[in-house]
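Open the model in your viewer and keep the selection panel at hand. The stops below say what to select and what is there.

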Amino acid sequence: MIPALTAAAALLTACGGGADASKADQPATKVTVTPAAGKTPAKLGSQISVRADGGKLTSVEVENDKGGKVAGELSGNGAAWKSDGKVMPDTTYTVRTKAKSDGGKESSATSKFTTEEAGKVNKLTNTPSGGQTVGTGMPVSVLFDNPIAKDRQAEIERALKVTTQPKVEGSWGWVKDYSGKDRIDWRPKDYWPSGTKVSVKGALSGLNSGDGGWFARDYNFGFTIGSDHKAVIDVPSHTLTMYENGKNVGSITGSAGSPQDPTRGGVHTVRSKNAAETMDSATIGHGSEWMLDSKWVTHLTASGTFLHSAPWNKQLGQVNNSHGCFGMSTSDAKRAYDFLTIGSTVEVKGTTNTNQTDVGNGLEVWQESWQQWQQRSALK
């Protein structure tokens, strides 16, 4: 006969052992990862999702074979997780999960899958480049190396975000670049305030651009708005006047376009500059009429509207006789070159050229009113 105390102790031991055995025998949480692991590549355009049945997810970590971490969001009850973006082409993903069953059993699992290859990988070139300081007229310009299908524009535009400090109102607009490629630009409603910090993020990875094209990465760059330097060309008086923060800081005489080749009117944005350049008549449709070396060349339009030295012109400041550019003495061309930064604006007034310059012919976003510009958005 077992003493009562010993029997009670035996009973407690038996009960404790039974509880441990019951917990160990519980089924683990069933975790399902989509896309599933296997030999068949996952479809492009898929989001990564994880679902827990019979418990909840306590941790989800996803990384790709390019060293990138995949961000996502866990539902409030822990039953599901979904990636923020979509899978990239020709990429292997590793999904590591931890879960706890309804009965408290913890488990972990790893799943791997590989995605399809893209027919074409669509890349972009951004202007300005990251870290630049630019003028108050500079748009954000994104040039795509492969076409963007019209029915894909809205999703791509939504994936592109511009944030500024201080806050500045602006809008994206779809443009056909002078090269024939597709482009999307973001311009502020009015000129940028000097000192504005601009950040651009493109969550494009895994997005379909149409016609077999896909984006394979995200983009992130920023730039700063510098001093407010502008110029105004008054064609009838043969002058270019420079303004800093709205104050006249000097004028230059020169020659604008002749009556046969009048200078393009409206507000242009300085798109690039060269300290020295050869002026080739063939590039603007004048055959082999001239081949002249020029210095301090400031580019406005892609089609060839420039500010530049014209030492061969003996009537500077007297007659408008150029082929659409504004020519100056070499020293004055350098003054303008040094004063105007990439992104500065140059307004041409009094020209007989009534043709509006196409927005894609350079960074010509100021050729349109704010209302006109907003109509270019795919989200209007």
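Does His238 count as buried or exposed? Select His238 to start; the model is a predicted one. Its relative accessibility is 14%, which is under the 20% cut-off, so His238 counts as buried. Show the backbone here too: His238 has a positive phi of about 60°, although it is not a glycine. For its surroundings, colour β19 (229-234) and β20 (239-244), since His238 is found in the loop between these two strands.

Next, select Trp296. This residue is not a glycine either, and it has a positive phi of about 55°. Trp296 has its place in a strand, β24, which covers residues 291-299.

**The whole chain**

Now zoom out and show the entire chain as a cartoon. What does the chain contain in helices and strands? There are four helices and 27 strands. The chain is more spread out than a compact globule, because its radius of gyration is 32 Å, well over the 21 Å that the globule rule gives for 380 residues. Turn the view along the principal axes: the C-alpha trace spans about 130 × 45 × 35 Å.

Switch on the surface. The chain exposes about 18,900 Å², and carbon and sulfur atoms supply 51% of this area. Of the 380 residues, 44% count as buried. Among the contacts with a separation of 6 or more, 66% are between residues 24 or more positions apart.

Colour by charge next. You will find 42 positive and 38 negative side chains. The centres of these two sets lie 4 Å apart.

**A four-stranded sheet**

Hide the rest and select β10, β18, β15 and β12. These four strands form an open sheet, in the order β10-β18-β15-β12, with mixed pairing. Which strands stand at the edges? They are β10 (133-134) and β12 (160-165); each has a single partner strand, so one side of each is left without a neighbour in the sheet.

Begin at the β10 edge. Strand β10 runs parallel to β18 (residues 219-225), and two bridges join them. Select Val134 and look across to β18, where its bridge partner is Ile225.

From β18, move on to β15. Six bridges join these two strands, which run antiparallel. Select Gly202 and you will see it standing opposite Tyr219 in β18.

Stay on β15 (residues 197-202) and show its side chains. Which of them point to the buried face? Val198, Val200 and Gly202 point to one face and are buried. Lys197, Ser199 and Lys201 point to the other face and are not buried.

The sheet continues with β12. It is joined to β15 by six bridges, and the two strands run antiparallel. Select Thr163 to find one such pair: its bridge partner in β15 is Ser199.

**Two cis peptide bonds**

Two prolines are the last stops. Select Thr127 and Pro128, which are joined by a cis peptide bond with omega about 0°. Pro128 has its place in the loop between β9 (124-127) and β10, and β10 is an edge strand of the sheet you have just visited.

Then select Gln165 and Pro166. A cis peptide bond joins this pair as well, and omega is about 5°. Pro166 lies in the loop between β12 and β13 (170-176). Strand β12, like β10, stands at an edge of the sheet.

Note on methods:
Residues numbered from 1 in each chain as written. Predicted model: local features only at pLDDT ≥ 70, side-chain atom pairs only at ≥ 80, totals over all residues. Heavy atoms only, no water. Pairing = 2+ DSSP bridges. Rg over C-alpha atoms; globule rule 2.2 N^0.38 Å. Buried < 20%, exposed > 50% of the residue type's maximum accessible area, 1.4 Å probe, protein only. Contact = heavy atoms within 4.5 Å. Areas by Shrake-Rupley, 256 points an atom, 1.4 Å probe, with all protein chains shown as cover. Lys, Arg positive; Asp, Glu negative; His and termini not counted. Charge placed at Lys NZ, Arg CZ, Asp CG, Glu CD.
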